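Visitor: I should like a close look at a single part of this structure. Could you please guide me through its aromatic rings?

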Amino acid sequence: MGVIDKVRPLTAERDALIPLDRIVIGDCIAAMRAMPAKSVDMVFADPPYNLQLGGELFRPDGTHVDAVTDDWDKFDSLAQYDAFTRAWLAEAHRILKDDGTIWVIGSYHNIFRVGAAVQDLGYWILNDIVWRKANPMPNFRGTRFTNAHETLIWASKGEKAKYTFNYRSMKTLNDELQMRSDWEFPICGGQERLKKGGVKVHPTQKPEALLYRILLACTKPGDVVLDPFFGTGTTGAVAKRLGRHWIGIEREVDYCAAAIDRIEAALPLDESALATMQSPKNQPKVAFGVLVENALIVPGAMLTDAKRRWSATVRADGSLLSGCGAVGSIHKLGATLQGQPACNGWSFWHLELEGVLTPIDAVRQTYLLATTV
């Protein structure tokens, strides 16, 4: 499928449709206005920073710095930029589902003005995230500190709104430590940096690792992610890999062409790889009897504890019968045999599989992978 098939204006006939996995070419405010209310799960926005550069930048050796000098980053005044910011944020609020969230990234040039508009429009800020750049561009003139970070605002639709946060996945991603609000990634470079004729296709292309963490943290497979400043399609490429739907809005045709080529080359992950660790409160409830019903653990199977001190036989209704004649659920019987008030039967009881004593929770996880992705 080529660019023409995936890049098209939003027409009156399609106003009621959500252009899943498509780029809408044109103004982001008009494009969002044409979309139904409460139709997307997350918005990731990398808006113009309004850098207000006074002219070309050069290194001390006289070489040119490839900075942002495009027309899309130029506004006549701060008041004009503020009006633009409030307009697109208002439409984003309208099309977000009640349990959706928005992420906005910016620099010191604009993020404080964006943050004020976010709060004024009724969003509730959940976190500000500092993206610390591992390899920032130096301050060539030596007149300021090296600008080595950007700020992301993460907000829900309101103070009482529910939202998705895959806490357990973030902890797993961070070697079993709580994920902090300061993230270190290198700026986009190497093979990931899109170039044409040796020149960057887009001056502010974001690293895919940054979007990977955001989408993994705040969306689920099948969710719809909108990027109103799509650029060269980082959000779309990562969304495709993670099994999320994406919608891009972009007014620069050259960026659209590069984005489509990039997204088409992105390979989606296998379904089993998309299954992530879940918090206990979010993990689907599975009764032991369901495993028996599905023949994952058959009636008559022998279960033991890890040290083989106690054993029990699985019965047709999912109850267990111990050698001493005691009967109960995996939890109740485990507690009774140990003389304890409670027991987590999923970790206490083991089943021998291919000669290896395995917790029955491993069988439950196999069932969850097959049924919940």
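Guide: What follows is an account of the aromatic pairs, and of the charges placed over rings. This is a predicted model, in which local features need pLDDT of at least 70 and side-chain atom pairs count only at pLDDT 80 or more, while totals for chains, interfaces and linings use all residues. Residues are numbered from 1 along each chain as its sequence is written, and side-chain values use heavy atoms, with hydrogens and water left out.

A pair of aromatic rings is described by the distance of the centres and the angle of the planes. Rings of Phe, Tyr and Trp (for Trp, its six-membered ring) pair if their centres lie within 6.5 Å; planes under 30 degrees apart count as stacked, over 60 as edge-to-face and the rest as tilted. Searching the whole structure gives 14 aromatic pairs. One of them joins F84 and F229: the ring centres are 6.1 Å apart and the planes stand at 65°, so this pair is edge-to-face. The two residues belong to distant parts of the chain, 145 residues apart, with F84 in helix α3 (residues 78-95) and F229 in the loop between β10 (224-227) and α7 (234-241). Helices (H or I, at least four residues) and strands (E, at least two) are DSSP runs, numbered from the N terminus. Both F84 and F229 are buried; buried means under 20% relative accessible area, exposed over 50%, and partly exposed in between, with a 1.4 Å probe and protein chains only.

A second example is the pair of W154 and F165, which is tilted, with 5.6 Å from centre to centre and 45° between the planes. Because W154 lies in strand β6 (residues 149-156) and F165 in the loop between β6 and α5 (167-173), this pair ties together parts that are eleven residues apart in sequence. W154 counts as buried because its relative accessibility is 4%, whereas F165, with a relative accessible area of 33%, is partly exposed. Both residues also belong to a cluster, in which ring pairs link W103, W154, Y163, F165, Y167 and W183.

One member of that cluster, W183, has a charged residue over its face: R213 lies there at 5.0 Å from the ring centre. Such a charge sits over a ring if NZ of Lys or CZ of Arg is within 6 Å of the ring centre and within 35 degrees of the ring normal. K133 likewise lies over the face of W131, at 5.3 Å from the ring centre.
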